[in-house]
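The following exercises are to be worked with the sequence and the structure in view. Each task is followed by a solution that proceeds step by step.

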Amino acid sequence: MDLKAYYRQKRRAVFLRKIIIGAFILAVFLLAAWGLFWAPFLRIKNIDIKNYSNELILKNKISRRLGEKNMFFLPAGNFFLVSTAKIVDLLRTDGFGLAIVEKKFPKTLIISFPKTKPWLIFCSKEDCFYVNEFGILADIAPKFSENPLPEIVIVGASAATRRLGENVLDESQARFLRVAFDYLKNIEAEANKIEFQESNAADAKIFLKEGWFIYVSLSSDPQKIFSDFKLLLEEKIKDGRNRLEYVDFRFGNKAFYKLKTIN
């Protein structure tokens, strides 16, 4: 027998044996790892819910989700496989609210709903929402016959469905309105509606409960606008405030106003 062929065959046999042993060890390791995902001590069993009125419905919803299997036939409730981001999204899209979800090793899930003070109201075609001071749809609101908070109206807006967690105001718009509301309190005025045009979100009308409105450019400095507004009321409009129809601050340093005519 050719020695070269003999040693070549021997090396091939050793190599094949190593492959088989390696494959066996890998299979055992993968099987053990797969089994570890099913270990009871790594399965989420405790669901701690904070600041939510109907805990039972929420727990049942999350328990059903954790009782499922993923695409690899592994338990969705395994501590390492639970995605807190997906649970946050599930609670948001199903209308439970905006939650903070945390995992506590080895088998506890903590779901808390931060308390945010309702600031505005926004109604889409289907639902109404409380808006927090950052312009985010923070909670479901009932449809009031008379809104207890200022309402955001977007004229010409599409009928797209709105969901919890979405921004109905961007950061600059929300900041502008926060400053505006503070200044309005100083002149004993209160807004009941803020109207935007979908095609021009840079301008807005702030309607007051007194029956008139203020045109503003949201790209302007709100502190300057409302400081000027206070002076305008004190020095020019004076006793004519009850006859105001609108005040327009969209044109830089100039302010225009219109008084209702009295017959």
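## Exercise 1: Strand β4 and its partners

In this predicted model, β4 pairs with strand β7 (residues 151-155) in the parallel sense, over two bridges.

Task. Determine which strand runs antiparallel to β4, and identify the residues that stand opposite C123 and F122.

Solution.
1. Locate strand β4 at residues 120-123 and strand β5 at residues 128-131; the two run antiparallel and are joined by four bridges.
2. Find C123 and look across to β5: its bridge partner there is C128.
3. Turn to β7, where I152 stands opposite F122.
4. Follow the chain from β4 to β5: a hairpin connects them through four residues.
5. Place S124 in this loop between β4 and β5. Its relative accessible area is 17%, and buried means under 20%, so S124 is buried.
6. List the contacts of S124, leaving aside neighbours within four places in sequence: they are F129 and R162.

## Exercise 2: The chain as a whole

Task. State how many helices and strands the chain has, and decide whether the chain is more spread out or less spread out than a compact globule.

Solution.
1. Count the elements: the chain has five helices and twelve strands.
2. Compare the radius of gyration with the globule rule: the chain has 31 Å, whereas the rule gives 18 Å for 263 residues. The value for the chain is well over that of the rule, and the chain is therefore more spread out than a compact globule.
3. Consider the box filled by the C-alpha atoms: along the principal axes it is roughly 125 × 50 × 30 Å.
4. Note the share of buried residues, which is 32% of the 263 residues.
5. Examine the contacts between residues at least 6 apart in sequence: 52% of them join residues at least 24 apart.
6. Consider the accessible surface: it comes to about 16,900 Å², and carbon and sulfur atoms account for 55% of it.
7. Compare the charges: the mean position of the 42 positive charges and that of the 30 negative charges are 15 Å apart.

## Exercise 3: Three buried residues

Task. For L90, E195 and A39, explain why each counts as buried, and describe where each lies.

Solution.
1. Recall the cut-off: a residue is buried under 20% relative accessible area.
2. Begin with L90, in helix α3 (residues 84-93). Its relative accessible area is 13%, so L90 is buried.
3. Leaving aside neighbours within four places in sequence, L90 is in contact with K61, I62 and R65. I62 is 28 residues from L90 in sequence, and their C-alpha atoms are 9.1 Å apart.
4. Continue with E195, in strand β8 (residues 191-197). Its relative accessibility is 14%, so E195 counts as buried.
5. With the same neighbours in sequence left aside, E195 is in contact with V153, V155, D203, A204, K205 and F207.
6. Finish with A39, in the loop between α1 (3-36) and β1 (46-50). Its relative accessibility is 10%, so A39 counts as buried.
7. Compare A39 with S220: they are 181 residues apart along the chain, and their C-alpha atoms are separated by 60 Å.

## Exercise 4: Backbone angles in loops and turns

Task. Find where the backbone has a positive phi at N51, K238 and G252, and identify the bond with an omega of about 5°.

Solution.
1. Start with N51, in the loop between β1 and α2 (55-66). N51 is not a glycine, yet its phi is positive, about 65°. With a relative accessible area of 48%, N51 is partly exposed.
2. Proceed to K238, in the loop between α5 (222-237) and β11. K238 is not a glycine either, and its positive phi is about 50°. Exposed means over 50%; K238 has a relative accessible area of 53%, so it is exposed.
3. Move on to strands β11 (residues 244-251) and β12 (residues 254-259), which run antiparallel and are joined by five bridges. F251 stands opposite K254 in β12.
4. Inspect the hairpin of β11 and β12: two residues lie between the strands, and G252 in the turn has a positive phi of about 65°.
5. Finally, find P106 in the loop between β2 (100-104) and β3 (108-112). The bond that joins F105 and P106 is a cis peptide bond, with omega about 5°.

How values were computed: Residues are numbered from 1 along each chain as its sequence is written. This is a predicted model: local features need pLDDT of at least 70, side-chain atom pairs count only at pLDDT 80 or more; totals for chains, interfaces and linings use all residues. Side-chain values use heavy atoms; hydrogens and water are left out. Buried means under 20% relative accessible area, exposed over 50%, partly exposed in between (1.4 Å probe, protein chains only). Contact means heavy atoms within 4.5 Å. Two strands pair if DSSP finds at least two bridges between them. The radius of gyration is taken over C-alpha atoms; the globule rule is 2.2 Å times the number of residues to the power 0.38. Accessible areas come from the Shrake-Rupley method with a 1.4 Å probe; for residues, only the protein chains shown count as cover. Lys and Arg count as positive and Asp and Glu as negative; His and the chain ends are not counted. The place of a charge is taken as NZ of Lys, CZ of Arg, CG of Asp or CD of Glu.
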